[in-house]
Amino acid sequence: MSDGGTAADVLALLERRGQTLAAAESLTGGLVAAELTSVDGASRSFRGSVTAYATDLKHEVLGVDGALLAERGAVDAEVARQMARGVRRVLGADWGVATTGVAGPTPQDGQPVGTVHVAVAGPSDAVAAAALRLEGDRAGIRGQTVHAAVKLLFSELIATAGAKDTEQHDEI
């Protein structure tokens with residue numbers, strides 16, 4: 001097994017638990033879904049994704065609060081949280097992971113390039129989020145975001161695991 005936190009690790013935990021996952025992506029444009037579906041057998045746990053690149057789709061498809069989007073813009077921690085919850089609901093998954101931010105080359109919504117928010121919503125609808133300040137070019141920022149989203153998801157899966165899952169962590 002890897003040191004933990006890869007797409008394969010995430011999918012192995014989900015499969016063992018009989019749980020499913022969906023992704024809501026903005027700046028990553030489908031790269032989280034691509035990372036997950038590159039793993040053999042991903043279809044046993046990964047339900048699908050919504051690439052809500054346009055701000056209006058975050059509201060119309062994922063149910064992100066329109067007033068929040070109007071007030072703060074799409075690059076916001078609460079937007080990421082609502083995207084994660086929304087994709088769980090829309091795609092009928094146990095877990096939702098979301099990405100939103102600015103990959104560049106120019107700022108967006110008053111936020112500098114490299115400002116990224118990732119979030120994970122679990123079965124209890126509790127949401128964990130991380131704010132990131134990334135450096136690099138557009139491709140680098142997007143790649144780092146995918147890595148951060150998968151790591152956050154893995155961390156949340158471990159955090160919500162019972163003692164049995166934690167003890168078997170090395171056997172993934």
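Which residues point one way from β3, and which the other way? In this predicted model, Trp95, Val97, Thr99 and Gly101 point one way, while Gly96, Ala98 and Thr100 point the other way. Residues of both sets are buried, and the strand is accordingly described as mostly covered, with seven of its seven residues buried.

**Strand pairing of β3**

β3 pairs with β1 and with β4, as listed here.

| Pair | Sense | Bridges | Residues opposite each other |
|---|---|---|---|
| β1 and β3 | parallel | five bridges | Ala23 and Val97 |
| β3 and β4 | antiparallel | six bridges | Ala98 and Ala119 |

Val97 and Ala98 of β3 thus have bridge partners in the table: Val97 is the partner of Ala23, and Ala98 stands opposite Ala119 in β4.

**Nonpolar cores**

The largest nonpolar core holds 31 residues, and Val10 and Leu21 touch the most other members. Two or more residues each come from α1 (7–17), β1 (21–25), α2 (31–37), β3 (95–101), β4 (115–121), β5 (127–133) and α6 (138–159). The largest share, nine residues, is supplied by α6. Apart from this core lies another of 18 residues, including Val50, Leu62, Leu68 and Ala93.

**Contacts of Leu21**

What does Leu21 contact, leaving aside its neighbours within four places in sequence? Its partners include Val10, Leu14 and Leu36. Leu21 is also in contact with Ser45, Phe46, Arg47 and Gly48. Further along the sequence, the contacts are Ala93, Trp95, Gly96, Val97 and Leu153. Among these partners, Trp95, Gly96 and Val97 are buried residues of β3, and Ala93 is a member of the 18-residue core.

Definitions and conventions:
Residues are numbered from 1 along each chain as its sequence is written. This is a predicted model: local features need pLDDT of at least 70, side-chain atom pairs count only at pLDDT 80 or more; totals for chains, interfaces and linings use all residues. Side-chain values use heavy atoms; hydrogens and water are left out. A nonpolar core is a set of buried Ala, Val, Leu, Ile, Met, Phe, Trp, Tyr and Cys residues joined through side-chain atoms within 4.5 Å. Buried means under 20% relative accessible area, exposed over 50%, partly exposed in between (1.4 Å probe, protein chains only). Helices (H or I, at least four residues) and strands (E, at least two) are DSSP runs, numbered from the N terminus. Contact means heavy atoms within 4.5 Å. Two strands pair if DSSP finds at least two bridges between them.
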